[in-house]
Amino acid sequence: MNTNNTFQTLIDIGHRLLSNNQFEQFEDGLALVSDHLTDVTGAERCSIFIYEKKSDELWTILSTGIEKIHVPTEKGIVGYVFRTEDSIIENNVSKNTYFLNDIDKESGYKTINIIACPIYNSKKELIGVLELLNKPNGFNEDDLEFLNIFANYIGSIIELAPFYLRETDSYS
C-alpha cells in the first residue's frame, strides 16, 4: 500500500463525506467508505458491525456480498474484537479458534484472512467493529493503521446518522 496515496484517498473521502450533495442517504456514505477501503487495501469485502445492547449482539449495517449478519458478542473474530477492544490481523482464519465457519457455510463464501478493529463514537464508547476480508497475500500493519483511521470516519457517520436522517425527513 502506497502510504502517500492512501492518506490522500482518506482526505478525499473526508471531503466527499462532508459535502452535502455527495450522498443522498446514510447507507450511501457507508458504502462510499466501504468501496474506498476495499479499493485501497485490496480486500474483497467489507463489513461494518454495530452493537445492539438489548440482544448483546453485533449486526451488519453494511456487508458487501452477503445479507445481514448477526453475531453474538461472545462469538467470532468480530465478537473477540468487540469484547477485548483489540484490533486483529488474522491471515489464516482456519487456525483461529474464534473464526465462525458457519457464516461461510451459509453464504458459500470462503474467508481466508481478516482484519478487524473497534469502532468508537465521539465519547470513546465502543459501538461496533469494522472488518475487511480476503486480501491477496494477507493484511499487514499498514492496513491496520489505515483501518483504524477509517473506523473514526465510520463512527462519526453512525453517530450523526439520526440527525442527518431527521433533516432529510427520512427519520421516523
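Buried means under 20% relative accessible area, exposed means over 50%, and partly exposed covers the values in between. The model used in these exercises is predicted.

**Exercise 1. Strand S2 and its partners**

Find out how many residues of strand S2 are buried, and describe how S2 pairs with other strands.

Solution.

Step 1. Strand S2 covers residues 57-63. Five of its seven residues are buried, so S2 is largely enclosed by the rest of the structure.

Step 2. On one side of the pairing list stands S1, which pairs with S2 in the antiparallel sense over six bridges. Within this pair, Phe 49 is opposite Thr 60 in S2.

Step 3. S2 also pairs with strand S3 (residues 70-72), again in the antiparallel sense, over three bridges. Here Leu 58 is opposite Val 71 in S3.

Step 4. Both pairs form hairpins. Four residues lie between the strands in the hairpin of S1 and S2, and six lie between them in the hairpin of S2 and S3. In the second hairpin, Gly 65 has a positive phi near 80°.

**Exercise 2. Two residues with positive phi**

Asp 56 and Asn 137 both have a positive phi without being glycine. Locate each residue and decide whether it is buried, partly exposed or exposed.

Solution.

Step 1. Asp 56 is in the loop between S1 and S2, and its phi is about 50°.

Step 2. The relative accessibility of Asp 56 is 34%, so Asp 56 counts as partly exposed.

Step 3. Asn 137 is in the loop between S6 and H5, with a phi near 70°.

Step 4. The relative accessible area of Asn 137 is 86%; a value over 50% counts as exposed, so Asn 137 is exposed.

**Exercise 3. The surroundings of Pro 72**

Place Pro 72 in its strand, classify its accessibility, and list its contacts beyond four places in sequence.

Solution.

Step 1. Pro 72 belongs to strand S3.

Step 2. Its relative accessibility is 27%, which means that Pro 72 is partly exposed.

Step 3. Apart from neighbours within four places in sequence, Pro 72 is in contact with Asp 56, Glu 57 and Gly 79.

Step 4. For Glu 57 a distance can be added. Glu 57 and Pro 72 are 15 residues apart in sequence, yet their C-alpha atoms are 4.1 Å apart in space.

**Exercise 4. The nonpolar cores**

Describe the largest nonpolar core, say which element gives the largest share of it, and name some residues of another core.

Solution.

Step 1. A general point comes before the details. In soluble globular proteins, nonpolar side chains tend to be buried together.

Step 2. The largest nonpolar core holds 23 residues. Leu 37, Ile 48, Leu 130, Leu 132 and Ile 154 have the most contacts inside it.

Step 3. Two or more residues of this core come from each of helix H2 (26-41), S1, strand S5 (114-120), S6 and helix H5 (141-167). The largest share is that of H5, with eight residues.

Step 4. Leu 130 serves as an example. Beyond its neighbours within four places in sequence, its contacts include Leu 37, Ile 48, Ile 115, Leu 147, Phe 150 and Ile 154.

Step 5. Another core, of 17 residues, lies apart from the largest one; among its residues are Phe 49, Ile 69, Val 93 and Leu 126.

**Exercise 5. Cavity and pocket**

Describe the lining of the largest cavity, then that of the second largest pocket.

Solution.

Step 1. Searching the whole structure gives one cavity of 30 Å³ or more. The largest cavity contains about 230 Å³ of space.

Step 2. It is lined by 21 residues, with Ile 69, Ile 103, Thr 111, Glu 131 and Leu 133 closest to its centre. Strand S1 (45-52), helix H3 (76-84), helix H4 (101-107) and strand S6 (126-133) each give two or more residues to this lining.

Step 3. By type, the cavity lining has 13 nonpolar, five polar and three charged residues.

Step 4. The second largest pocket has a volume of about 230 Å³. Of its 13 lining residues, Ile 69, His 70, Asp 102, Ile 103 and Glu 106 lie nearest the centre.

Step 5. S3 and H4 each supply at least two residues of the pocket lining; H4 gives the most, with four. By type, the pocket lining has six nonpolar, two polar and five charged residues.

Key:
Residues are numbered from 1 along each chain as its sequence is written. Side-chain values use heavy atoms; hydrogens and water are left out. On a 1 Å grid over the protein atoms alone, a cavity is a set of points where a 1.4 Å probe fits but cannot get out, and a pocket is an open set with protein on both sides within 12 Å along at least five of seven lines; lining residues have an atom within 4 Å of a point. Grid points are joined across faces, edges and corners, and a volume is the space filled by probe spheres set on the points. Ala, Val, Leu, Ile, Met, Phe, Trp, Tyr, Cys and Pro count as nonpolar, Asp, Glu, Lys and Arg as charged, and the others, Gly among them, as polar. A nonpolar core is a set of buried Ala, Val, Leu, Ile, Met, Phe, Trp, Tyr and Cys residues joined through side-chain atoms within 4.5 Å. Buried means under 20% relative accessible area, exposed over 50%, partly exposed in between (1.4 Å probe, protein chains only). Contact means heavy atoms within 4.5 Å. Two strands pair if DSSP finds at least two bridges between them.
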